[in-house]
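Please open the structure in your viewer and keep the sequence panel beside it, since this tour moves from one selection to the next and says what can be found at each stop.

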Amino acid sequence: MSSRVLNFFLLLSVALSVTAAVGQDSSLAPSQIAAVNQAITVFLAREHAPSVSVAIVKDGKLAWTGAYGFSDLENSVPAKTSTMYRLASISKPITATAVMQLAEGGKLDLDVPIQKYCPAYPEKQWPITARELLGHLAGVRHYKQGEEWRSTRHYASITESLDFFKGDPLDHEPGTKYQYSTFGFSVLGCAVEGASGMKFMDYLQERVFRPAGMEHIQTDDTFTIIPNRARGYRKTEKGEVVNTWLADTSNKIPGGGMIATATDLAGFAIATMNATLVSRATLEKMWSPQTMRDGRRTSAGLDWEIGRLGSHRSVAHSGSQPGTGTDLILLPEINAAVAVMVNMDEASASALAETIVKDFVPD
């Protein structure tokens with residue numbers, strides 16, 4: 001083992017002993033906390049991930065938070081529960097919530113051509129709707145390999161961020177195929193602005209972040225000084241931990257361009273499950289599989305991923321982009337949730353989140 005790798009694991013062992021931070025009102029039993037600590041320790045060692053932050057919701061309340069490892073390896077900065085991580089695609093259910101709020105309020109019709117609310121997105125060979133965009137059925141393309149996932153161009157607005165793909169045709173007729181699309185959510189962000197008359201992030205701040213108690217979440221702006229922002233890392237083919245690719249996420253703010261703490265995600269989970277942000281009837285629509293024109297159902301709702309963990313219904317979303325891996329799992333039937341955030345590409349945050357859920361949720 002090289003001295004560099006050895007030093008990394010020596011630092012990691014120190015971090016594991018000093019940076020775990022537990023929520024003051026923890027309602028988890030000591031044995032449950034021990035199991036969570038063990039799962040996180042194994043995860044960090046297996047993935048060689050620099051840091052992880054976790055928040056657990058139980059009975060509709062924040063039950064426990066923890067931060068482990070280093071948010072900045074070069075400067076030996078320990079992770080804290082206030083460390084900010086890129087959300088990546090967990091930005092999508094936040095945007096979906098905003099769209100559904102506007103639909104509830106009669107300001108946005110889910111089933112009319114999206115250009116009514118986003119005229120900056122040109123008409124295509126077929127009309128597309130907000131409902132199809134939310135369900136990833138619209139045919140708007142996803143990333144081109146590498147060049148857009150690691151884009152370094154800075155876009156000044158949601159409308160401007162449409163420029164590089166808005167001239168492309170749809171990949172398929174809407175409603176005929178499930179095709180995950182981050183850029184479809186850029187179109188939805190534009191529609192939020194058109195329907196609300198507000199800037200996208202201003203709308204979220206007023207109608208989503210503040211009601212959900214999400215105190216730290218903001219745009220992942222490359223140029224803004226964001227206190228406690230985690231540095232991002234990746235592993236090479238040889239397994240070495242290095243700084244991640246440069247990437248400016250302003251090309252996809254509604255679908256993958258926000259930054260937050262794990263506690264912010266817990267607040268979003270609590271507000272969602274309590275029907276603070278949208279009604280329970282709307283939640284059921286968001287948490288129901290979408291149906292394609294031939295009658296087949298997808299495994300996704302109005303953006304949420306739908307499944308089961310043990311005997312419990314789960315709704316979840318994961319995210320991955322340069323410098324981050326994230327996962328948010330909600331178990332609405334028992335008012336529980338887990339948020340996991342890691343400052344490394346392709347680290348299996350979802351596997352850790354599922355392990356933690358099984359540790360503290362009864363079958």
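A residue is called buried when its relative accessible area is under 20%. Keep that cut-off in mind for the first stop, and remember throughout that the model you are looking at is predicted.

**First stop: strand S10 and its neighbours**

Select residues 312–321, which make up strand S10, and you will find that eight of the ten residues are buried, so the strand is largely enclosed by the rest of the structure. Now add residues 305–309, strand S9, which runs antiparallel to S10 and is joined to S10 by five bridges. To see one of these pairings, pick Glu 305, whose bridge partner in S10 is Ala 316. The two strands S9 and S10 form a hairpin with two residues between them, and in its turn Gly 310 has a positive phi of about 65 degrees.

Next, add strand S11, residues 324–331, which is antiparallel to S10 and joined to S10 by seven bridges. Here Gly 319 stands opposite Thr 326 in S11. The hairpin of S10 and S11 again has two residues between the strands, and Gly 323 takes a positive phi near 90 degrees. As a general point, strands of a sheet pair through backbone hydrogen bonds, either parallel or antiparallel.

**Second stop: strand S12**

Which residues of strand S12 point one way, and which point the other way? Select residues 336–342, the strand in question, and note before answering that seven of its seven residues are buried. Ala 336, Val 338, Val 340 and Val 342 point one way, while Ala 337, Ala 339 and Met 341 point the other way, and all of them are buried.

With S12 still selected, bring back S11, which runs antiparallel to S12 and is joined to S12 by seven bridges, and look for Gly 325, which stands opposite Val 342. Then add strand S1, residues 51–58, which pairs with S12 in the antiparallel sense over six bridges; in this pairing Ile 56 stands opposite Val 338.

Before leaving, select Asn 335, which is found in the loop between S11 and S12. The hairpin of these two strands has four residues between them, and Asn 335 has a positive phi of about 55 degrees although it is not a glycine.

**Third stop: a three-stranded sheet**

Hide the earlier strands and select S4, S8 and S5, which form an open sheet in that order, with antiparallel pairing. The edge strands are S4 (85–86) and S5 (218–219), each of which pairs on one side only. Between S5 and strand S8 (residues 258–260) there are two bridges, and these strands run antiparallel; Gln 218 stands opposite Ile 259 in S8.

**Fourth stop: two helices that cross**

Select helix H3 (residues 91–104) and helix H6 (residues 200–212), which pack at an angle of about 80 degrees with their axes 10 Å apart. That angle makes H3 roughly perpendicular to H6. Where they meet, the residues of H3 are Ile 94, Thr 95, Thr 97, Ala 98, Gln 101 and Leu 102, and those of H6 are Phe 200, Tyr 203, Leu 204, Arg 207, Val 208 and Phe 209. The residues of this contact divide into eight nonpolar, three polar and one charged.

**Fifth stop: the cores**

Two of the residues just selected lead on to the largest nonpolar core, which has 72 residues and in which Ile 94, Tyr 121 and Leu 204 have the most contacts. Leaving aside its neighbours within four places in sequence, Leu 204 is in contact with Ile 94, Ala 98, Phe 209 and Met 258. A second, separate core of 32 residues includes Ala 39, Leu 44, Met 344 and Ile 356. In soluble globular proteins generally, nonpolar side chains tend to be buried together.

**Last stop: two single residues**

Select Arg 46, which lies in helix H2 (residues 30–47) and is partly exposed, with a relative accessible area of 47%. Apart from its neighbours within four places in sequence, Arg 46 is in contact with Lys 235 and Ser 348. If you draw a distance from the C-alpha atom of Arg 46 to that of Leu 110, the separation is 44 Å, for residues that are 64 apart along the chain.

Finally, move to Ala 275, in the loop between helix H8 (262–273) and helix H9 (280–286). Ala 275 has a positive phi of about 60 degrees although it is not a glycine, and at 23% relative accessibility it counts as partly exposed.

Key:
Residues are numbered from 1 along each chain as its sequence is written. This is a predicted model: local features need pLDDT of at least 70, side-chain atom pairs count only at pLDDT 80 or more; totals for chains, interfaces and linings use all residues. Side-chain values use heavy atoms; hydrogens and water are left out. A nonpolar core is a set of buried Ala, Val, Leu, Ile, Met, Phe, Trp, Tyr and Cys residues joined through side-chain atoms within 4.5 Å. Buried means under 20% relative accessible area, exposed over 50%, partly exposed in between (1.4 Å probe, protein chains only). Contact means heavy atoms within 4.5 Å. Axes are lines fitted to C-alpha atoms, for helices over the stretch in contact, and angles run from 0 to 180 degrees between N-to-C directions. Angles under 35 degrees count as roughly parallel, over 145 as roughly antiparallel, 65 to 115 as roughly perpendicular and the rest as oblique. Ala, Val, Leu, Ile, Met, Phe, Trp, Tyr, Cys and Pro count as nonpolar, Asp, Glu, Lys and Arg as charged, and the others, Gly among them, as polar. Two strands pair if DSSP finds at least two bridges between them.
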